Amino acid sequence: MSTKPKLYYFDGRGKMESIRWLLAAAGVEFEEEFLETRDQYEKLLQGGSLMFQQVPMVEIDGMRMVQTRAILSYIAAKYNLYGKDLTERALIDMYVGGTDDLMGFILMFPFLSAEDKEKQRALIVQKATSRYFPVYEKVLKDHGHDFLVGNNFSWADVHLLEAILTVEEKKSDVLSGFPQLQAFKARISSIPAIKKFLEPGSQRKPVPDDKFVETVRRVLHMYYDVKAN
């Protein structure tokens, strides 16, 4: 195996994007193998690399890891982005879990029909502004720190910035009523490792397009239509 983590996924965001974000935030270089054909996917299955017959899969430290949350937890712990004690880890888990719930509404977006996309766009903005962003706005205001947990940069901050930028792609002024989150976005985006990841030419993936959707459908034999929430 390579000394660098190696990511097996499609050439697009999906569930792997949060893993890319966290590795980049930790300053870790990684390699990627993009799945473009059904044969590639079948080879991973036949080789026993995909424990639950699904990607993402990451080769790291001699392991072939699957299950996105397990991969992210491992990376966060390995690179000191998971708090200093159990209390901070519990807070990070809660905040990441909430952000992940919001991201769940976004992950399915590229696979929807044009009509359902408009409905889902409105739902994403509604959920972000009424249910999720107010929580983080209050946390930052109440404790007055630069970061969500323990005034140290953590996985929770990385995931929240990813979510903010992704929701802004659906509505550019979505943070207009959240001054704490506006300041948070500016602070986290200016961290050198994050700033580098946000620059053109990085391994950050663009907004999913039709080619990404078609590739995922072909490789995974997704012949059904995804429905909006």
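Just after α3, Asn80 adopts a positive phi of about 55° in this predicted model. The helix before Asn80, α3, spans 68–78. Its buried residues are Thr68, Ile71, Leu72, Ser73, Ile75 and Ala76. These buried positions pack against α1, β3 (57–60), β4 (63–66) and α6 (155–168).

The chain as a whole is split into two domains: domain 1 covers 6–79 + 198–220, and domain 2 covers 86–190. Between their C-alpha centres the separation is 22 Å. Domain 1 brings 21 residues to the contact, and domain 2 brings 17 residues.

The interface of domain 1 and domain 2 is summarised below.

| Property | Value |
|---|---|
| Area buried between domain 1 and domain 2 | about 1500 Å² |
| Share of that area from carbon and sulfur atoms | 67% |
| Salt bridges across the interface | two |
| Residue pairs in polar contact (both at pLDDT 80 or more) | four |

On the side of domain 1 that touches domain 2, at least two residues come from each of α1 (17–25), α3 (68–78) and α9 (210–220). By residue class, that side of domain 1 holds 12 nonpolar, three polar and six charged residues.

A salt bridge joins the side chains of Arg69 and Asp93, with an N to O distance of 3.3 Å. Arg69 falls within the range of α3 (68–78), and Asp93 falls within the bounds of domain 2 (86–190). The helix α3 thus appears in two settings: Ile71 and Leu72 are among its buried residues, and α3 also supplies at least two residues to the side of domain 1 that touches domain 2.

Technical notes
Residues are numbered from 1 along each chain as its sequence is written. This is a predicted model: local features need pLDDT of at least 70, side-chain atom pairs count only at pLDDT 80 or more; totals for chains, interfaces and linings use all residues. Side-chain values use heavy atoms; hydrogens and water are left out. Domain bounds come from an automatic or database domain assignment. Contact means heavy atoms within 4.5 Å. Buried area is the accessible area (1.4 Å probe) that two parts lose on being put together, summed over both. A salt bridge is a side-chain nitrogen of Lys or Arg within 4 Å of a carboxyl oxygen of Asp or Glu. A polar contact is a pair of N or O atoms within 3.5 Å; within protein, one must be able to donate a hydrogen and the other to accept it, and residues adjacent in sequence count only if both atoms are side-chain atoms. Helices (H or I, at least four residues) and strands (E, at least two) are DSSP runs, numbered from the N terminus. Ala, Val, Leu, Ile, Met, Phe, Trp, Tyr, Cys and Pro count as nonpolar, Asp, Glu, Lys and Arg as charged, and the others, Gly among them, as polar. Buried means under 20% relative accessible area, exposed over 50%, partly exposed in between (1.4 Å probe, protein chains only).
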